[in-house]
Amino acid sequence: GGGNHRFFAIEMEDAAQERRSLELDLREAIALDQFQLHYQPLVDLHTGRVTTCEALLRWTHPVRGNIPPAVFIPVAEETGLIIALGEWALNRACADASSWPREVRVAVNLSPVQFRDEGLGLQVVAALAKSGLSAQRLELEVTERLLLEDNDNTLDTMHQLHALGVSLSLDDFGTGYSSLNYLRKFPFQKIKIDRSFITDLGDGRDARAIIGAVASLGAGLDKTVVAEGIETEEQMNLVRSQGCHEGQGYLFGKPMPADDIRSRLDKPIIA
Ligand code: C2E
Ligand code: CA
Ligand code: CA
Ligand code: CA
C-alpha cells in the first residue's frame, strides 16, 4: 500500500545519495592513496608454476572499510573515473611486476570504458617505459561486454596493443553473449573460462562437456585456456583432464598484497 510506496521512495533516494557520496569519495581516493592492488596467481596445471599474476583493485575506505570492486568499478565507469583509476592500476602493476622473476607475467583488467578511450595506447606505452617491464610480460584482460559493440575501433585498438607486444585475454568467457566468431576475429592469446562453469562441475556432465569443448577449441586456435575459480583439488584435476592449460582460484592462492605474492613466485605452487 501507500506505506510500502513511501518506503520504496526513501530506499531509492538512499541509493542515489549513497551513489553520490561514493562518487565523491572515489574522486579523492587516488590522491589519498586509498587503493591497493592485490595479486592472484595463474598456475600452469602441468608444471605447477605461476605463469601470471592478476592484479585486482582493493579500496580501503577510511570510514566504510573495504569496498569491493563489484561496487565501486561500476560507479567509476559511469563517472569516467575509471580512466584515471585504470591508469593508476596499470602503472602500479607494471612497477610491481618489474621486480618479479622474468618468466612471470602480470595481468591487468581493462574496462570497456578505458578501451574506448583514445589515450589507452599511450598509457600502456608509458607504463611499460616507466617500469622497464617488457611488453611481453603484460596481459590485458577484457570481457565479452566490450566485443558486443563490435566496432572497428575495438579491433583497431586491439591490433595496436598487439603490435606493442602486449597480449590480450578474454575474461569471464561463457557469461555474456559469447560468439565463436569472437575467438577468430579478435587477437586473444588467452581464454579465461568463467568461474560459474567450474563451480557447476560437481553437478553433472554438462559443465565438464563445455569446459572440454572450450579447451579443445582453444588448443586448436593456439590459445591458452584458463579455468577460473578453482577451489578444490577435484576441480583442478577435472579441468586439467579436460585439457585446460592454466588454473586460477583459491586453491592456488587468494588475491594477496604485492609483498606476499613476490615471495611465492620462486617455487611451484602445486606438485
Ligand atoms: P575478475 O576479473 O573475473 O576477477 C576474478 C574475481 O574472482 C576476483 O574478485 C577474485 O577475487 C575472485 N576469485 C578468484 N578466485 C576465486 C575462487 O576460487 N572462488 C571465488 N569465490 N572467487 C574467486 P574481485 O577481486 O572481487 O574482483 C571482482 C571483479 O572486479 C573482477 O572480476 C573484475 O571484473 C573487477 N576488477 C577488479 N580489479 C579491477 C581493475 O583493476 N580494473 C577493472 N576494470 N576491473 C577490476
Ligand atoms: Ca579478470
Ligand atoms: Ca574473470
Ligand atoms: Ca568475473
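The legends below describe close-up views of a predicted model.

**View 1. The site of the calcium ion (ligand 2).**
The protein donors of the calcium ion (ligand 2) are E54 (OE), N109 (OD1), E141 (OE) and D171 (OD), and they lie 2.1 to 2.3 Å from the ion. Along the sequence these donor residues follow the spacing E-x54-N-x31-E-x29-D. Distant parts of the chain are linked by the pair N109 and D171, which are 62 residues apart: N109 lies in strand β4 (residues 105-109) and D171 in strand β6. N109 is partly exposed, at a relative accessible area of 29%. D171, in contrast, counts as buried, with 6% relative accessibility.

**View 2. The site of the calcium ion (ligand 3).**
D171 (OD), D172 (OD) and E228, which is listed for two OE contacts, coordinate the calcium ion (ligand 3) at 2.2 to 2.6 Å. The donor residues have the sequence spacing D-D-x55-E. The pair D171 and E228 also links distant parts of the chain, with their positions 57 residues apart: D171 is in strand β6 (residues 167-173), while E228 is in the loop between β8 (224-227) and α11 (233-241). The relative accessible area of E228 is 10%, so this residue is buried, the cut-off for buried being under 20%.

**View 3. Aspartates that bridge the calcium ions.**
D171 coordinates both the calcium ion (ligand 2) and the calcium ion (ligand 3), and these two ions are 4.0 Å apart. D172 forms a second bridge, between the calcium ion (ligand 4) and the calcium ion (ligand 3), which lie 3.7 Å apart. The calcium ion (ligand 4) is coordinated by D172, listed for two OD contacts, at 2.9 to 3.0 Å. D172 is placed in strand β6.

**View 4. The surroundings of ligand 1.**
Ligand 1 is surrounded by 20 residues, of which the closest are Q40, R58, D171, E231 and Y250. A polar side-chain atom of D172 is 3.2 Å from an oxygen atom of ligand 1. Backbone atoms of the protein also approach nitrogen atoms of the ligand: a backbone N or O atom of L57 lies 3.1 Å from a nitrogen atom of ligand 1, and a backbone N or O atom of S111 lies 3.5 Å from a nitrogen atom of ligand 1. On its own, ligand 1 has 810 Å² of accessible area, and the protein covers 80% of this.

**View 5. The largest nonpolar core, with L140.**
The largest nonpolar core has 74 residues, and L138 and L140 touch the most other members. Helix α3 (residues 82-97) gives the most to this core, contributing seven residues. Leaving out residues up to four places away in sequence, L140 touches L90, V108, L110, V124, L161, V166, S167, L168 and S169.

**View 6. L183 in helix α8.**
L183 is part of helix α8 (residues 180-185) and counts as buried, with 2% relative accessibility. Beyond the residues up to four places away in sequence, L183 touches L170, F173, I191, L217, L221 and K223. One of these contacts, L217, is 34 residues from L183 in sequence, and the C-alpha to C-alpha distance of the pair is 9.3 Å.

**View 7. K190 in strand β7.**
K190 lies in strand β7 (residues 190-193). This lysine counts as buried, because its relative accessibility is 2%. The side chains of K190 and E139 are joined by a polar contact of 3.1 Å. Not counting residues up to four places away in sequence, K190 touches L42, T51, T52, R105, E139, L168, S169, L170, T224, V226 and E246.

**View 8. S131 in helix α5.**
S131 belongs to helix α5 (residues 120-131). Its relative accessible area is 18%, so S131 is buried. A polar atom of the S131 side chain lies 2.8 Å from the backbone oxygen of A127. Apart from neighbours within four places in sequence, S131 is in contact with C94, A95 and S98.

Methods. Residues numbered from 1 in each chain as written. Chains lettered and ligands numbered in written order. Predicted model: local features only at pLDDT ≥ 70, side-chain atom pairs only at ≥ 80, totals over all residues. Heavy atoms only, no water. Donors = N, O, S within 2.8 Å, 3.2 Å for Na, K, Ca; no water. Helix = DSSP H or I, 4+ residues; strand = E, 2+ residues; numbered from the N terminus. Buried < 20%, exposed > 50% of the residue type's maximum accessible area, 1.4 Å probe, protein only. Core = buried A, V, L, I, M, F, W, Y, C linked by side-chain atoms within 4.5 Å. Contact = heavy atoms within 4.5 Å. Near = heavy atom within 4 Å. Polar contact = N/O pair within 3.5 Å; in protein donor to acceptor, adjacent residues only side chain to side chain. Areas by Shrake-Rupley, 256 points an atom, 1.4 Å probe, with all protein chains shown as cover.
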